[in-house]
Amino acid sequence: MSEKLKVGILGGTGMVGQRFISLLENHPWFEVTTVAASERSAGKTYEEAVGGRWKMTSPMPEAVKKLVVMNVNEVEKVAAGVDFVFSAVDMSKEEIKKIEEAYAKTETPVVSNNSAHRWTPDVPMMVPEINPEHMKVIEFQKKRLGTTKGFVAVKPNCSIQSYAPVLTAWKEFEPYEVVATTYQAISGAGKTFKDWPEMVENVIPYIGGEEEKSEKEPLRIWGEVADGVIVPAQSPLITCQCIRVPVLDGHTAAVFVKFRKQPTKEQLIEKLVSYKGQPQELALPSAPKQFIQYLEEDNRPQVRADVDFENGMGISVGRIRKDSVYDWKFVGLSHNTVRGAAGGAVLCAELLKAEGYIGV
């Protein structure tokens, strides 16, 4: 590309916003030119607005330090300087729906990390390797919004990334019943141990709203486009528990599966390691070359050893074994703020760009 697309980050001072800033440093297609946040941050430089709250392990990119933060509610003003925006705003669900559609109506595509539009029937919720065909609903959404270029697309919840891709790779064996328990990192709550000392040496067996998302969102990803909307799949039946654990980054899932067709362990592993999607075929900048890896060791995947596989964009799986009640069980691991949040949204934007929805 001769010229990079100009990108705005809505909610750029929070943890996910910071992750966007970090991931987009030196991106070959996109350049962060605008950061918008709440009124209290507006008018300050990005460095001043974030202050001592920079939560990434890598230093704040020099290119954004002196950007003057804009008021996210001044939609026309923010939209005027960008080709598209990433949304990581911290507002109520209704406020997020309203502001994301307001940006879309300025002919600015919105790629959102938020949950507000995940069940809007004509908004695609994508894991690019799994359901790129859901982009087709964008044309119907544009008609509803009265736009030619503006639309909203979203990525799913971070909790499902460690097992939904695995079940997708095993689709031909017809999984029909799934029990999953996720052990979720504190960064999923936008926290570090410094912010949340109560989590040190602690486990909290409740994360508000997470279990419903973990059970329902995979079905929407596996759904079909019909009459301009996404119709969720009916199967497999998923039941889930979500537990907060004292880990900074990385969501681990312990999963039990029943299949209608009985695979061998070798078949299950082969389907995982050979699984590819459009991002791999198109060699998108953020796409992992190996989407899912299988680890043979009994004590893997581990957060410390494996969370950064493929720069945090890959999924790690281990401990596939027969179960005495279900057919098979396994352990999955994904990076919740990279693949599960900002990185997943960046990959969505790359696919939308490659398919002509962004930057036209």
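Trainee: In this predicted model, which residue of S14 is the bridge partner of Val-317?

Mentor: Start with the two strands. Strand S13 covers residues 315-322 and strand S14 covers residues 328-334. They pair in the antiparallel sense over five bridges. In S14, the bridge partner of Val-317 is Gly-332.

Trainee: Which strands are the edges of the sheet that holds S13 and S14?

Mentor: The sheet is open and has six strands, with mixed pairing. Its order is S10-S7-S11-S14-S13-S12. An edge strand pairs on one side only. Here the edge strands are S10 (237-244) and S12 (292-295).

Trainee: What is the average twist from one strand to the next?

Mentor: Stay with the order S10-S7-S11-S14-S13-S12. From one strand to the next, the twist averages 20°.

Trainee: Which helix lies across S11, S12, S13 and S14?

Mentor: Two helices come into view here. Helix H8 (residues 210-221) lies across S7 (175-184) and S10, at about 145° to S10. The other helix covers residues 265-274 and runs at about 140° to S12. The one across S11, S12, S13 and S14 is H9.

Trainee: Now S4. Are Phe-84, Val-85, Phe-86 and Ser-87 buried or exposed?

Mentor: In a regular strand the side chains alternate between the two faces of the sheet. In S4, Phe-84 and Phe-86 point one way, and Val-85 and Ser-87 point the other way. Whichever way they point, all are buried.

Trainee: Which residue in S5 stands opposite Ser-87?

Mentor: S4 has parallel links to both S1 and S5. Four bridges join S1 to S4, and Leu-10 has Ser-87 as its bridge partner in S4. Three bridges join S4 to S5 (residues 110-112). In S5, the residue opposite Ser-87 is Ser-112.

Trainee: How many of the 10 residues of H1 are buried?

Mentor: Helix H1 spans residues 15-24 and is mostly covered. Its cover includes strands S1, S2 and S4 and helices H2, H3 and H12. Met-15, Phe-20 and Leu-24 are among the buried residues. The count of buried residues is eight.

Trainee: Are H1 and H12 parallel or oblique to each other?

Mentor: Their axes come within 9 Å and cross at roughly 55°. The crossing is right-handed. Angles from 35 to 65 degrees fall in none of the parallel, antiparallel or perpendicular classes. H1 and H12 are therefore oblique.

Trainee: How many residues of the contact of H1 with H12 are nonpolar?

Mentor: On the H1 side are Val-16, Arg-19, Phe-20, Leu-23 and Leu-24. They meet Val-338, Ala-341, Ala-342, Gly-343, Ala-345 and Val-346 in H12. One residue of the contact is polar, one is charged, and the nonpolar number is nine.

Trainee: What is omega for the peptide bond from Arg-300 to Pro-301?

Mentor: Most residues other than glycine have a negative phi, and most peptide bonds are trans. The bond between Ser-235 and Pro-236 is cis, with omega about 5°. Pro-301 is in the loop between S12 and H11 (303-306). The bond from Arg-300 to Pro-301 is cis too, with omega near 5°.

Trainee: Does Asn-311 count as buried or exposed?

Mentor: Asn-311 lies in the loop between H11 and S13, and its phi is positive, near 55°. Glu-310 lies in that loop too, with a positive phi of about 50°. At 24% relative accessibility, Glu-310 counts as partly exposed. Asn-311 is at 69%, so it counts as exposed.

Definitions and conventions: Residues numbered from 1 in each chain as written. Predicted model: local features only at pLDDT ≥ 70, side-chain atom pairs only at ≥ 80, totals over all residues. Heavy atoms only, no water. Buried < 20%, exposed > 50% of the residue type's maximum accessible area, 1.4 Å probe, protein only. Contact = heavy atoms within 4.5 Å. Axes fitted to C-alpha atoms, helices over the stretch in contact; angles between N-to-C directions. Parallel < 35°, antiparallel > 145°, perpendicular 65-115°, else oblique. Left-handed = near helix turned anticlockwise from the far one by under 90°. Nonpolar A, V, L, I, M, F, W, Y, C, P; charged D, E, K, R; others polar. Pairing = 2+ DSSP bridges.
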